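The report below describes the fold of one protein chain and then turns to a few of its parts in detail. Please keep the sequence and the model in view while reading.

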Amino acid sequence: MNTRRKASLFGFGVAPLFALVGCGVLLVAAGCGDLGPAVNEIAAPPFDPTSFRAVSAVLERRCGTLDCHGHAARPLRLYGQYGLRRYEERTSPNVENYDEYYSGGKEPTTIAELEDNYRSILALEPELAAKVFTKAADPEVLTIVRKARLREKHKGGLLWNKGDPGDVCMVNWLTGNTDTTQCEVELGHP
């Protein structure tokens, strides 16, 4: 199975964006050459809405409230049914029932919101996430893992200890294990 995926903030690498901005400045003076092969291609868990939905649901419930990572200004921004909703036009094909598409509404987290959550998590530390995914580094090198375990200052406090269901859910996904059993256990906690 091919597990290489381009992980980027907006569907394209950040480096090409900077290169294009820089090229735009130089375009008047010197022209713009070929940018070469794709950049920011990293090994990452593949985006699979079926298995990622459970991981995202755990993070949405634990971290995605409007006063925390469900806030548009946060570096780790999480969208979801009970928190921040992604802006969508009323006619968007991403939303089945627009009248219920609001925080706390009946419209579940959309595929587009899941993909945004996926990108947000991996964009925090893409090179380290790649090392964790390829088993070249321990998951604790990632800020998202350390903060949840309160190994690093976290305004939200301790979310779970190493080995707790939420921790196993997150670490499983980061390391490419698609077993979401512990995610479901975590979602059953109050």
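Which residues are buried in α6? In this helix Pro165, Gly166, Asp167, Cys169, Met170, Val171, Asn172, Trp173 and Leu174 are buried, where buried means a relative accessible area under 20%, exposed means over 50%, and partly exposed lies in between, with a 1.4 Å probe and protein chains only. The model is predicted, so that local features need pLDDT of at least 70 and side-chain atom pairs count only at pLDDT 80 or more, while totals for chains, interfaces and linings use all residues. Residues are numbered from 1 along each chain as its sequence is written, and side-chain values use heavy atoms, with hydrogens and water left out.

**Overall fold**

The protein chain holds seven helices and two strands, which from the N terminus on follow the order β-α-β-α-α-α-α-α-α; helices (H or I, at least four residues) and strands (E, at least two) are DSSP runs, numbered from the N terminus. Of the 190 residues in the protein chain, 40% are buried. Among contacts (heavy atoms within 4.5 Å) with a separation of 6 or more, 55% join residues 24 or more positions apart. About 10,800 Å² of the protein chain is exposed, and carbon and sulfur atoms supply 56% of that area, as given by the Shrake-Rupley method with a 1.4 Å probe, in which, for residues, only the protein chains shown count as cover.

**Helix α6 and its partners**

Helix α6 (residues 165-174) is mostly covered, with nine of its 10 residues buried, and these buried residues pack against α2, α3 (111-124), α4 (126-133), α5 (143-148) and α7 (181-187). After α6 comes Gly176, which has a positive phi near 90°.

The axes of α6 and of helix α2 (residues 49-63) come within 10 Å and cross at roughly 135°; axes are lines fitted to C-alpha atoms, for helices over the stretch in contact, and angles run from 0 to 180 degrees between N-to-C directions. The two helices α2 and α6 are therefore oblique to each other, since angles under 35 degrees count as roughly parallel, over 145 as roughly antiparallel, 65 to 115 as roughly perpendicular and the rest as oblique. On the α2 side the contact is made by Phe52, Val55, Val58 and Leu59, and on the α6 side by Cys169, Met170 and Trp173. The residues of this contact comprise seven nonpolar, no polar and no charged, with Ala, Val, Leu, Ile, Met, Phe, Trp, Tyr, Cys and Pro counted as nonpolar, Asp, Glu, Lys and Arg as charged, and the others, Gly among them, as polar.

**Residues in loops**

Leu76 lies in the loop between α2 and α3 and is buried, with a relative accessible area of 9%. Leaving aside neighbours within four places in sequence, Leu76 is in contact with His69, Ser120, Ile121, Leu124 and Ile144. The C-alpha atoms of Leu76 and Asn117 are separated by 8.3 Å, although the two residues are 41 residues apart along the chain.

Most residues other than glycine have a negative phi. The table lists two loop residues with a positive phi, neither of them a glycine.

| Residue | Loop | Phi | Relative accessible area |
|---|---|---|---|
| Lys135 | between α4 and α5 | near 65° | 58%, exposed |
| Leu150 | between α5 and α6 | about 60° | 42%, partly exposed |
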